[in-house]
There are 6 protein chains.
Amino acid sequence: MPFTVTVRDHMMVAHSFTGESFGPAQRLHGATFVVDASFHADELDADGVVIDIARAAEALRAITASLGYRNLDDEPEFAGINTTTEVLCRVVADRLAARIAAGALGRDGSLTGVTVTLHESHIAWASYGRPV
Amino acid sequence: MPFTVTVRDHMMVAHSFTGESFGPAQRLHGATFVVDASFHADELDADGVVIDIARAAEALRAITASLGYRNLDDEPEFAGINTTTEVLCRVVADRLAARIAAGALGRDGSLTGVTVTLHESHIAWASYGRPV
Amino acid sequence: MPFTVTVRDHMMVAHSFTGESFGPAQRLHGATFVVDASFHADELDADGVVIDIARAAEALRAITASLGYRNLDDEPEFAGINTTTEVLCRVVADRLAARIAAGALGRDGSLTGVTVTLHESHIAWASYGRPV
Amino acid sequence: MPFTVTVRDHMMVAHSFTGESFGPAQRLHGATFVVDASFHADELDADGVVIDIARAAEALRAITASLGYRNLDDEPEFAGINTTTEVLCRVVADRLAARIAAGALGRDGSLTGVTVTLHESHIAWASYGRPV
Amino acid sequence: MPFTVTVRDHMMVAHSFTGESFGPAQRLHGATFVVDASFHADELDADGVVIDIARAAEALRAITASLGYRNLDDEPEFAGINTTTEVLCRVVADRLAARIAAGALGRDGSLTGVTVTLHESHIAWASYGRPV
Amino acid sequence: MPFTVTVRDHMMVAHSFTGESFGPAQRLHGATFVVDASFHADELDADGVVIDIARAAEALRAITASLGYRNLDDEPEFAGINTTTEVLCRVVADRLAARIAAGALGRDGSLTGVTVTLHESHIAWASYGRPV
């Protein structure tokens, strides 16, 4: 996957973690996640792009809007799940992959994968990559 | 105040805002605040510094630890107050000023001011400066 | 002006400069300007903010949209003017000030100033500040 | 390719795009591209480096100088081609690969690949990687 | 290795290099290395993480503390070795791998690799990745 | 001084500090200083700039070259002086001011001041400002 295009957005959520190793993060707290969504392709399309960057940004914005400004502890889909940075990377990547599969981002199957990175602070971040 | 030294730390909090103009941020959500604490002085001390940077970092860490990993909506000191980025800048700056006044950071009154900047995302930040 | 709130946006323009000291930048070229708009106030409003950050971001977006994706050499308002980073800082700041004066950003005159910083690369930026 | 060394430079260009999906970017506009050139190797050389970093920086500077401060729409080599961020990543990477093949950067074939990332703004970037 | 978690720390060292190609860096000088340690895994653990981030940060801190605030030219382990950015990436990665192998970071062999990036300035960095 | 232009460069030095409060930094170690030199003016010149940015970058490069790739403990001018980040900010600012006074940067006295910021890591920096 020699070509990659990345767009950045962010979301602000509340949540808490279950597990002693989380220490003070077991309490209800929050995070700004700066979200980088990368789209991979082996070849550029006829316009010379990996993906229509405006549509990519819109797709990412729709996903961050569906997660942001919420207490994730109250979201039924995350019941019993620690919404760690790693887990949220996978959530965002899987949702992008679903949109790509549904044709919402164009490129008709010629995209090979997505990688999502969530920065939780200036000293910690996580990422998850998957094929599409 | 020609000399300034700045140290960076961060804190992760949950909170919600009261007021229609806040839109979706009226819901319980959260933020990572990357916190920059700047110390101002007209002259350097005999060691050639504005402030002992290790003590400055420790003082800032103590303050971010007292605020972080909490739902600020539940903290009595913030009852009835929107803990906006601007308000939290002032909280951190005032606490630093109190520590300086108590002699906890050295320099015996020769510091002239502090400025605190809180970055709430890659596209928004606030700051508050005051004399000490 | 102890309180400041800053929002970031960007614009992508073509232009050329007149004057031998500009060297190769006398040729038609272009720039991405990452634009930081800072709003200053002495006091916070009743909501605990310097300014409604959503309205501030919208105002900045309207201004960057009016300048971006253009060849500034062809814009009548810049005829005979070098649209340097410094000059564009002033253009953006003056337009923000006009919007503030027109009441488009709220705060009814309680804002004290604006500062606009344009980053032209990772190694060069400029800013312009003015009262409002 | 376990080892990578990256050097950063930038270039400022004007261009326009053909294709409705580009929206306002169909107009003549411009960009600052912050360019990261990464060199990959399986082993370090006798000096303990992937590549002589000064020569790498010079090679990159030569390439950015050949592209920068120009209207790419007027360059014969790009006639009929959208000089998107992705396309320009490949142009820079291919030129670096040609210099490596010509022996201009040393390491006699022991480099395994190059990756070039172009940042077009604080919220969008692209990259292209290839073997050498 | 679809999941990655990264923590950042730094270290400040003095050193000099042997070899004409290093130019002025043959003289005793120094560097701040901003160190990013990435941990890779195919699956998350029961808590939903790649690794306990607090333990990861501690492990990295122990390693940067063992290298930092030193003249590396005087360290017996580096006798006759250029402590280039690339070499130090491998040193840090190998030490992290040893700690992982010793069970000091948990995850019992389910981590697949580590990548260490050292930023020597705003325009140059290097990385080294290896399995664990 | 409403207008400011800033250029960035860097230097890599070795040094040690005298004074117990410096802890491990009393040992010979080193630092990369990312150096931001800001030039202030009340008005733009006829070209629309604060200062010829190429000449500003050259002046800064000359100063960082005179300090970089050295053990500052061995430089006679710093004998008995802790070359802290703050002290080096002043050294760079004073040297820039001297060059401005000598006419090496143009603008004939219409510059009002310089501010120099040295970033010693991702979590600490200092600055010094002075009139010219």
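Every interface residue of chain A, 100% of them, is also an interface residue in chain B, so the copies meet through the same surface. Contact here means heavy atoms within 4.5 Å. This is a predicted model, in which local features need pLDDT of at least 70, side-chain atom pairs count only at pLDDT 80 or more, and totals for chains, interfaces and linings use all residues. Residues are numbered from 1 along each chain as its sequence is written, chains are lettered from A and ligands numbered from 1 in the order in which they are written, and side-chain values use heavy atoms, with hydrogens and water left out.

Start with chains A and B. Two copies of a chain are related by a rotation about an axis and a shift along it. For this pair, a rotation of 180° with 0.0 Å of shift along its axis lays chain A on chain B, with an RMSD of 0.0 Å. That is the relation of a two-fold axis. Such superpositions are least-squares fits on the C-alpha atoms of residues with pLDDT of at least 70 in both copies.

The A–B interface brings 23 residues of chain A into contact with 23 residues of chain B. About 1900 Å² is buried between them, and carbon and sulfur atoms give 65% of that area. Buried area is the accessible area (1.4 Å probe) that two parts lose on being put together, summed over both. Between chain A and chain B there are zero salt bridges. A salt bridge is a side-chain nitrogen of Lys or Arg within 4 Å of a carboxyl oxygen of Asp or Glu. Polar contacts do cross this interface: 11 residue pairs, both partners at pLDDT 80 or more. A polar contact is a pair of N or O atoms within 3.5 Å; within protein, one must be able to donate a hydrogen and the other to accept it, and residues adjacent in sequence count only if both atoms are side-chain atoms.

Which elements of chain A supply at least two residues each to the side that touches chain B? They are β1 (3–15), β2 (29–41), β3 (70–71) and β4 (111–121). The largest share, six residues, comes from β1(A). By class, this side of chain A has 10 nonpolar, eight polar and five charged residues. Ala, Val, Leu, Ile, Met, Phe, Trp, Tyr, Cys and Pro count as nonpolar, Asp, Glu, Lys and Arg as charged, and the others, Gly among them, as polar. Helices (H or I, at least four residues) and strands (E, at least two) are DSSP runs, numbered from the N terminus.

Now turn to chains D and E. A turn of 120° and a shift of 0.0 Å along the axis lay chain D on chain E with an RMSD of 0.0 Å. That is the relation of a three-fold axis. Here 16 residues of chain D are in contact with 18 residues of chain E. The buried area is about 1300 Å², with 53% from carbon and sulfur atoms. On the chain D side, F3(D), R8(D) and D47(D) lose the most area to chain E, together 36% of what that side buries. The D–E interface has zero salt bridges and seven residue pairs in polar contact, both at pLDDT 80 or more. Strand β1 (residues 3–15) of chain D gives the largest share of its side, six residues. That side divides into nine nonpolar, three polar and four charged residues.

Strand pairing also crosses from chain to chain. Two strands pair if DSSP finds at least two bridges between them. β1(D) is joined by five bridges to strand β5 (residues 124–131) of chain E, and the two run antiparallel. T6(D) stands opposite W125(E) in β5(E). Five bridges also join β1(A) to strand β5 (residues 124–131) of chain D, again antiparallel. There T6(A) has W125(D) as its bridge partner.

Within chain D, β5(D) pairs with strand β4 (residues 111–121) in the antiparallel sense over eight bridges. One bridge sets G113(D) against P131(D). A hairpin of two residues joins β4(D) to β5(D).

Some chains do not touch. No contact joins chain A and chain C, whose closest C-alpha atoms lie 12 Å apart. No contact joins chain B and chain E either, with closest C-alpha atoms 12 Å apart.

Salt bridges do occur in the structure: it holds 29 over all chains. In one of them, the side chains of R130(B) and D94(B) meet at 3.0 Å, N to O. R130(B) lies in strand β5 (residues 124–131) and D94(B) in helix α2 (residues 85–101) of chain B, so the pair links distant parts of the chain, 36 residues apart.
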